[in-house]
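User: I would like to learn how to read the packing features of a protein model. Could you take me through them one at a time, with the general idea before the particular case?

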Amino acid sequence: MPGRPAQAPGLFWAASPRPGGNSELAIKLFYETFSETLAEQQSASAEINYPITVDAGLHSPWRWNPSGRSPRSIAKEITFLRNLSLVPCRACGRCSSRPDLPCPLDFEPPAGPDAPDDAARLLAGLADAPFVVLASPIYFYHLPAGLKALIDRGQIYWMRGQKAVPGRKAHVILTAAREKGEKLFSGSLLTLKIFFAAFGLSLAEPLLLRGLDGPADLRGNPGLTGQVRDYARAAALERLCSKPD
């Protein structure tokens, strides 16, 4: 539509430190199905005018490709946190006293002001994104260290007090090796709910997948891959229904 402001990109984050694992496959399946659903709906109705744009962060190619689409055309749209430098919070207290100023770590690590880490870029994108999709494994009943380091760096946004914006949601897929455990996902979901709230995002109903121990377990489970695709279709249709005026 002429005159419409450019739509900020949606974000797709893969949090596993292991390439080719279950949570990584889950987000690739999600992205593929999400994009296909949007394309199908847009072509089916000339009234729909909500183009999808995504984060073009650091990426790596992947091989499993049942749709016949170029693997790189899908993978390049997913940010793999393991490829980034994410320095943990040092609890210096600057964000408590001066939340209006940037985090000191934005300029210091890992090799001085000319080579800062990637946390500031990721968090700034999260503050503007209309939605985010995160896939992560569960380690010791919680999130991997790299993702937790990024979450802790988000404290400065919490101190700034950004309010939730209707329609901005975080879609989360968590995978775990254990088949049992009443509170297997509870700690991670609470942390993610509070983290995303600092950026004005509400936590959508998550997809929680159990019993995925080996790296190829999701690939060999049609029932669970079907759940991932269904979750992606529902998210895509929700985005279309909440498209901007």
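Analyst: We can begin with the nonpolar cores, bearing in mind that this is a predicted model. In soluble globular proteins, nonpolar side chains tend to be buried together. Here the largest nonpolar core has 35 residues, and those with the most contacts inside it are Leu81, Leu126, Phe196 and Phe199. At least two residues of this core come from each of β1, α4, β3, α5 (145–153), α6 (155–160), β4 and α7 (186–197).

User: Which element gives the most to this core?

Analyst: That element is α4, with five residues. To see the core from one of its members, take phenylalanine 196, which, leaving aside its neighbours within four places in sequence, is in contact with Leu126, Val132, Leu134, Ala170, Val172, Leu201 and Leu203. There is also a second, separate core of 27 residues, which includes Ile78, Phe131, Leu212 and Ala236.

User: How should I read burial for a single residue, and is leucine 174 buried or exposed?

Analyst: A residue counts as buried when its relative accessible area is under 20%. Leucine 174 has a relative accessible area of 0%, and is therefore buried. This leucine 174 is found in strand β4 (residues 169–175), and, not counting residues up to four places away in sequence, leucine 174 touches Ser136, Ile138, Leu143, Phe185, Ser188, Leu189, Leu192, Leu207, Leu208 and Leu209. Its C-alpha atom is separated by 8.3 Å from that of leucine 134, although the two residues are 40 residues apart along the chain.

User: What does the same reading give for alanine 119?

Analyst: Alanine 119 is buried, because its relative accessible area is 1%. Alanine 119 is found in helix α4 (residues 119–128), and its contacts, leaving aside neighbours within four places in sequence, are Ser85, Leu86, Leu150 and Arg153. The C-alpha atoms of alanine 119 and leucine 84, which are 35 residues apart along the chain, are separated by 8.5 Å.

User: How are aromatic pairs described, and how many does the structure hold?

Analyst: A pair of aromatic rings is described by the distance of the centres and the angle of the planes. The structure holds 10 aromatic pairs. One of them joins phenylalanine 12 and phenylalanine 131 in an edge-to-face arrangement, at 5.8 Å centre to centre and with 85° between the planes. This pair links distant parts of the chain, since phenylalanine 12 lies in strand β1 (residues 11–14) and phenylalanine 131 in strand β3 (residues 131–137), 119 residues apart. Phenylalanine 12 and phenylalanine 131 are both buried.

A stacked pair is formed by phenylalanine 30 and phenylalanine 34, with 5.6 Å centre to centre and 20° between the planes. Both of these residues lie in helix α1 (residues 22–44), four residues apart, about one turn of the helix, and both phenylalanine 30 and phenylalanine 34 are buried.

User: Which residues do ring pairs link into a cluster?

Analyst: The cluster consists of Phe12, Phe30, Tyr31, Phe34, Phe131 and Tyr231. A ring may also face a charge: the charged end of arginine 160 sits over the ring of tyrosine 157, 5.1 Å from its centre.

User: What is the overall picture of the chain?

Analyst: The secondary structure comes to eight helices and six strands, which follow the pattern β-α-α-β-α-α-β-α-α-β-α-β-β-α along the sequence. Of the 245 residues in the protein, 45% are buried. Among contacts with a separation of 6 or more, 78% are accounted for by residues 24 or more positions apart.

Definitions and conventions
Residues numbered from 1 in each chain as written. Predicted model: local features only at pLDDT ≥ 70, side-chain atom pairs only at ≥ 80, totals over all residues. Heavy atoms only, no water. Phe/Tyr/Trp six-rings, centres within 6.5 Å; stacked < 30°, edge-to-face > 60°. Buried < 20%, exposed > 50% of the residue type's maximum accessible area, 1.4 Å probe, protein only. Lys NZ or Arg CZ within 6 Å of the ring centre and 35° of its normal. Contact = heavy atoms within 4.5 Å. Core = buried A, V, L, I, M, F, W, Y, C linked by side-chain atoms within 4.5 Å.
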